[in-house]
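Me: Hi! I am new to reading protein models, and I would like a close look at one part of this one. Please take me through it slowly.

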Amino acid sequence: MRWEGIQGTVLSAIGWTLQLFAFQMISVSLASIAGAAGFVILFELARRKLHEPFRQREAYAAAAIIAGAAVVSSHPIQLTPAQPSAIQWAAVVLVLALFIVSAEGLARLNLLPFETIRMLSSGVAYALSGLFTKEVSAALFQQNWVVTAVAIFGMAGSALAGYVFEMSSLRRVRSTIVVGTVAATQMVVPVALAPWLFAEVWPATLSGRLLLAVGITLVLVGMTALVRLPTKPTV
């Protein structure tokens, strides 16, 4: 394994451990949004280490995603002790898995862009892994070892699927585009599901809810701009 690969593995392990602790203190929505903050660093690393271009359109797309994350963070969604039921978990896993499978099928039939689907599928799979990580965090705190084991299995499987899809995308698409799309999808999915899964409550005021909606919209706009950027030639 190359030194960069070892570094990436170590950093991923550290990030997962920090996420476990974060889920004890902040809501799933806020943790997902905070995770998108590393997007700026990844863009800069891709420019410096991989010598990838960072043109005006990429800058606008990145700015939209970062601005959206900042707006949502300004009105944080509060942490609640609620945990999903087995039925809720089954429904989430089924819906997200059906999205990935159906999207992959449409892509293979050339009805949808293959690279775009792979990036979105990666983001959805990583988002599901993050939701399972929240369950691991809660189960460890409650010392429920059976639920912990099941959640770890779901977390690892989802993360592996996300990794496979992401690596497939990186063969044909610049890393800045892949990272941006995956990170945005990985942020939006938990924010959308958290009110139902974890009873997280959005701000009571209309202005607070509007700001959250604006922030999520900015992320989606930036993501859309990124996935429409040209792919790199196949080697």
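In which helix does E115 lie? Please start from there and show me what surrounds that part.

Reply: Happy to help! E115 lies in helix α6, which covers residues 114–142. A helix here is a DSSP run of H or I with at least four residues, numbered from the N terminus.

First, some ground rules. This is a predicted model, in which local features need pLDDT of at least 70, side-chain atom pairs count only at pLDDT 80 or more, and totals for chains, interfaces and linings use all residues. Residues are numbered from 1 along each chain as its sequence is written, and side-chain values use heavy atoms, with hydrogens and water left out.

The term pLDDT stands for the predictor's confidence in each residue, on a scale from 0 to 100. The protein chain averages 80, and 85% of the residues score at least 70. Confidence is highest in α7, at 91, and lowest in helix α3 (residues 39–49), at a mean of 68. Where pLDDT is low, the predicted coordinates should not be read in detail.

Now the setting. The protein chain has 9 helices and 0 strands, so you will be looking at helices throughout, a strand being a DSSP run of E with at least two residues. Of the 235 residues in the chain, 43% are buried. Buried means under 20% relative accessible area, exposed means over 50%, and partly exposed is in between, using a 1.4 Å probe and protein chains only.

Back to E115. With a relative accessibility of 18%, E115 counts as buried. Its side chain meets that of R172 in a salt bridge, at 2.5 Å from N to O. This pair links distant parts of the chain: E115 belongs to helix α6, R172 sits in the loop between α7 and α8, and 57 residues separate them. A salt bridge is a side-chain nitrogen of Lys or Arg within 4 Å of a carboxyl oxygen of Asp or Glu. Side chains of opposite charge can pair when their charged atoms come close. The partner has a different label for its surroundings, because R172 is partly exposed at 31% relative accessibility, whereas E115 is buried.

The structure holds 2 salt bridges. In the other, R118 pairs with E104, and their closest N and O atoms are 2.9 Å apart. R118 lies in helix α6 and E104 in helix α5 (residues 86–108), so this pair ties together parts that are 14 residues apart in sequence. Both R118 and E104 are buried.

Let us follow the chain onward from α6. The loop between α6 and α7 contains Q143. Its phi is near 55°, a positive value in a residue other than glycine. Q143 counts as exposed, because its relative accessible area is 56%.

Then comes helix α7, residues 145–170. This helix has 26 residues and reaches 37 Å from its first C-alpha to its last, close to the 38 Å expected at 1.5 Å a residue. That expected span is 1.5 Å times one less than the number of residues. Among the buried residues of α7 are T148, M155, F165 and E166.

Beyond the loop that holds R172, you reach helix α8, where T176 has its place (residues 175–197). α8 has 23 residues and spans 32 Å from first C-alpha to last, close to the expected 33 Å. As 18 of those 23 residues are buried, α8 is largely enclosed by the rest of the structure. T176 itself is buried, with a relative accessible area of 3%. T176 and E58 are 118 residues apart in sequence and 8.3 Å apart in space, C-alpha to C-alpha.

After α8 comes A199, whose phi is positive, near 55°. A199 lies in the loop between α8 and α9 (206–227). At 37% relative accessibility, A199 counts as partly exposed.

To retrace the path around E115: begin at this buried residue, cross the salt bridge to R172, and then look at α8, which is largely enclosed by the rest of the structure. Returning to α6, you can find R118 and its salt bridge with E104. Enjoy exploring!
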